[in-house]
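Q: I am new to this structure and would like a close look at a single part, with the terms explained along the way. Please start at one loop, then show me what surrounds it and what else is worth seeing.

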Amino acid sequence: MLKKTDAATDDGLHFPWAEPPAGEAFVEVAPGILWFRIPLPFRLDHVNIYLIEDGDGWAVLDTGISNQATRDAWERIVSGPLAGRRLTRLIVSHFHPDHIGLAGWMCERFEMPLLTSQTGYLGCINISLSPNAMGEKPYQDFYRSHGMSLETAQLVATHGNGYLRMVSPLPPTFRRLVAGDELEIGGRRFEVLSADGHAPEQLMLYLAEENVFLASDQVLAKITPNVSVWAVEPEGDPLGLYIRSLRVIENAIPGDALVLPGHQLPFYGLHERARQLAAHHAERCERIAKACEEGAKSVADLVPVLFPRQLDPHQLSFAFSETHAHVNYMVGRRELVWDRAEPERLRVMLA
């Protein structure tokens, strides 16, 4: 059993638990809400899973990726710590593989319904039906026009195939959750919120009576969620949507709520962390503006401005898309303008 602490950090955040639960151990983070972790085979090596008491069983929030290790972990959990209690329903926050990956298997194995956003459900289905879509010429041309190398462009084109290796086929039906809904779980009412930027229509839950905010990946304590432009929406402004969502969260959720994030440790200091995240992105925009004082830059030129360390091709693909998000945000704010004199080599310059 992990001891509850009140460890504070210099950035104003407070961590009730100084370390995560080990293995398949649970921590009761609030009455009737359990926290444990599922390992991931990535640099970010875990996803947080939450169980919410639901009558004679437990509602599940998120799943982990679809692989044998994750299936084995769930089998151990239901036959061990949860023995005698059923899983009643699965709530998925968004369509990234670490959150939705095992949804199809779990819903069939434990005979429970899937609840998620329409965007999350259809986004997962779309990638599953068209895993090679990003390899089409218009998308390749998009990345190349912004300075991406052929090697990295080809890697991006395979993301759909990698996605399929981490996601089991979804159930044929689901229940849609929409921002503003109230979801009753075990006699308690959870307010449903959604946010954009990291993933479209990412779902979050707020339990007012316990002042608990299940934030998914929108607000993490020590890392910034990935916010990226993708070729299917080349002029999209995910960073603008993300910053707008942070303001909505500040207005909707009290600053002293217990935040239960999708990764890392639960914490207090929601409003402070939201402001830190907004300031982080503002500082990155300042770096881009300073770089553009030297002249017009492609998105590829600006990647080392935000990511000065050496990146492998996989890391570079995400860094490129996140840099593009900052560029589109600044274009939308009229801080930068596109230089389209050479359509095959797009660059931005100060407005």
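A: Let us begin with the names: helices (H or I, at least four residues) and strands (E, at least two) are DSSP runs, numbered from the N terminus. Residue numbers start from 1 along each chain as its sequence is written, and this is a predicted model in which local features need pLDDT of at least 70, side-chain atom pairs count only at pLDDT 80 or more, and totals for chains, interfaces and linings use all residues. Side-chain values use heavy atoms, with hydrogens and water left out.

Our starting point is Asn 211, which sits in the loop between β12 and β13. Is Asn 211 buried or exposed? Its relative accessibility is 17%, so Asn 211 counts as buried; that word stands for under 20% relative accessible area, while exposed is over 50% and partly exposed lies in between (1.4 Å probe, protein chains only).

The side chain of Asn 211 has two partners to look for. One polar contact, at 2.7 Å, goes to the side chain of Tyr 206, and another, at 3.0 Å, goes to the side chain of Asp 256. A polar contact is a pair of N or O atoms within 3.5 Å; within protein, one must be able to donate a hydrogen and the other to accept it, and residues adjacent in sequence count only if both atoms are side-chain atoms. Contact in general means heavy atoms within 4.5 Å. With neighbours within four places in sequence left aside, Asn 211 is in contact with Tyr 206, Pro 254, Asp 256, Ala 257 and Leu 258.

Tyr 206 leads us on to Arg 189, a residue of strand β11 (188-195). Leaving out neighbours within four places in sequence, Arg 189 is in contact with Tyr 206 and Leu 207, and also with Glu 182, Leu 183 and Glu 184. Of these, Glu 182 joins Arg 189 in a polar contact between side chains, at 3.5 Å. Another residue to find here is Glu 209: it lies 20 residues from Arg 189 along the chain, and their C-alpha atoms are 8.5 Å apart. Arg 189 has a relative accessible area of 47%, so it is described as partly exposed.

Now look at the strands on either side of our loop. The structure holds 1 cavity of 30 Å³ or more, and the largest cavity has a volume of about 40 Å³. On a 1 Å grid over the protein atoms alone, a cavity is a set of points where a 1.4 Å probe fits but cannot get out, and lining residues have an atom within 4 Å of a point. Grid points are joined across faces, edges and corners, and a volume is the space filled by probe spheres set on the points. Lining the largest cavity are Leu 61, Ile 91, Ser 93, Leu 203, Met 204, Leu 205, Leu 214 and Ser 216. The elements giving two or more residues to this lining are β12 (202-207) and β13 (212-216), and β12 has the largest share, with 3 residues. By type, the lining has 6 nonpolar residues, 2 polar and no charged. Here Ala, Val, Leu, Ile, Met, Phe, Trp, Tyr, Cys and Pro count as nonpolar, Asp, Glu, Lys and Arg as charged, and the others, Gly among them, as polar.

To finish, let us visit a sheet. An open sheet of 7 strands runs in the order β3-β4-β5-β6-β7-β8-β9, with mixed pairing; two strands pair if DSSP finds at least two bridges between them. At its edges stand β3 (27-30) and β9 (175-176), each with a single partner strand, so one side of each has no neighbour in the sheet. Within the sheet, β5 (46-54) is largely enclosed by the rest of the structure, because 8 of its 9 residues are buried.

On one hand, β5 runs antiparallel to β4 (33-39), joined by 7 bridges, with a hairpin of 6 residues linking the two. Facing pairs here include Phe 36 opposite Ile 49 and Trp 35 opposite Tyr 50. On the other hand, β5 pairs with β6 (57-61), also in the antiparallel sense, over 5 bridges, and Ile 52 stands opposite Ala 59. The hairpin between β5 and β6 has 2 residues, and Gly 55 in its turn has a positive phi of about 65°.

Note on methods:
1 Å grid on protein atoms, 1.4 Å probe; cavity = no way out; pocket = protein on both sides within 12 Å on 5 of 7 lines; lining within 4 Å.
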